[in-house]
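Subject: Structure for your review

Dear colleague,

Please find the sequence and structure below. A summary of what was found follows, beginning with the whole chain and ending with two individual residues.

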Amino acid sequence: REFLRAINQFAVTLTEMFLSNSSFELQLWNNYFHLAVAFLTQDSLQLENFSQAKRNSILAKYGDMRATIGASIRDMWYNLGHRKIEFIPGMVGPILEMTLVPELELRKSTIPIFFDMMLCEYQLTKSFSR
């Protein structure tokens, strides 16, 4: 839970201080996305691998942090605005990795990112060849 709180604080700082054209830091944003995906896909959060009793206990105490961080990743993606194209195709793999986690709310967050990536690519190049 503390790690999730730290990632969320990192997201706030990125949005407030490193999003404008004059202060945009591609590497910091890239690091955020990779860190968030690594958190989301770690073995200790894959609740479907636990017994039903353990899963229920974790959900009661912490909730499903995968859905929480997935929604944050989605929101951060849309915060990028016209800069999203700078993360395509580099973020396709990590977002695909998120989509493969068998959690419905997480998929509801990640599938629109894929669609948006395709839309951004098409608007820029008028093709999907990259």
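Of the 130 residues in the protein, 37% count as buried. Please note that this is a predicted model. The mean pLDDT of the protein is 92, with 98% of its residues at 70 or more. Among the elements, helix α2 has the highest mean pLDDT, at 96, and helix α6 the lowest, at 91. As a general caution, predicted coordinates should not be read in detail where pLDDT is low.

Overall architecture

The secondary structure consists of six helices and zero strands. Read from the N terminus, the order of elements is therefore α-α-α-α-α-α, each run being assigned by DSSP. Along the principal axes, the C-alpha atoms fill a box of roughly 50 × 30 × 15 Å. Among contacts in the protein with a separation of 6 or more, 65% are between residues 24 or more positions apart.

Surface and charge

The protein exposes about 7400 Å², and carbon and sulfur atoms supply 59% of that area. There are 13 positive and 13 negative charges, and their mean positions lie 4 Å apart.

Two residues in their surroundings

The first residue to be described is H34, which is found in helix α2, spanning residues 26-40. Is H34 buried or partly exposed? Its relative accessible area is 37%, so H34 counts as partly exposed, given that this class lies between 20% and 50%. Leaving aside residues up to four places away in sequence, H34 touches M91 and P94. H34 and M91 are 57 residues apart along the chain, while their C-alpha atoms are separated by 8.4 Å.

The other residue is S109, located in helix α6, which covers residues 104-125. Which class does S109 belong to, buried or exposed? S109 is buried, because its relative accessible area is 3% and the cut-off for burial is under 20%. With residues up to four places away in sequence not counted, S109 touches G70, A71 and R74.

To recapitulate, the predicted model contains six helices and zero strands. Within it, H34 of helix α2 is partly exposed and touches M91 and P94, whereas S109 of helix α6 is buried and touches G70, A71 and R74.

With kind regards

Key:
Residues are numbered from 1 along each chain as its sequence is written. This is a predicted model: local features need pLDDT of at least 70, side-chain atom pairs count only at pLDDT 80 or more; totals for chains, interfaces and linings use all residues. Side-chain values use heavy atoms; hydrogens and water are left out. Helices (H or I, at least four residues) and strands (E, at least two) are DSSP runs, numbered from the N terminus. Buried means under 20% relative accessible area, exposed over 50%, partly exposed in between (1.4 Å probe, protein chains only). Contact means heavy atoms within 4.5 Å. Accessible areas come from the Shrake-Rupley method with a 1.4 Å probe; for residues, only the protein chains shown count as cover. Lys and Arg count as positive and Asp and Glu as negative; His and the chain ends are not counted. The place of a charge is taken as NZ of Lys, CZ of Arg, CG of Asp or CD of Glu. pLDDT is the predictor's confidence in each residue, from 0 to 100.
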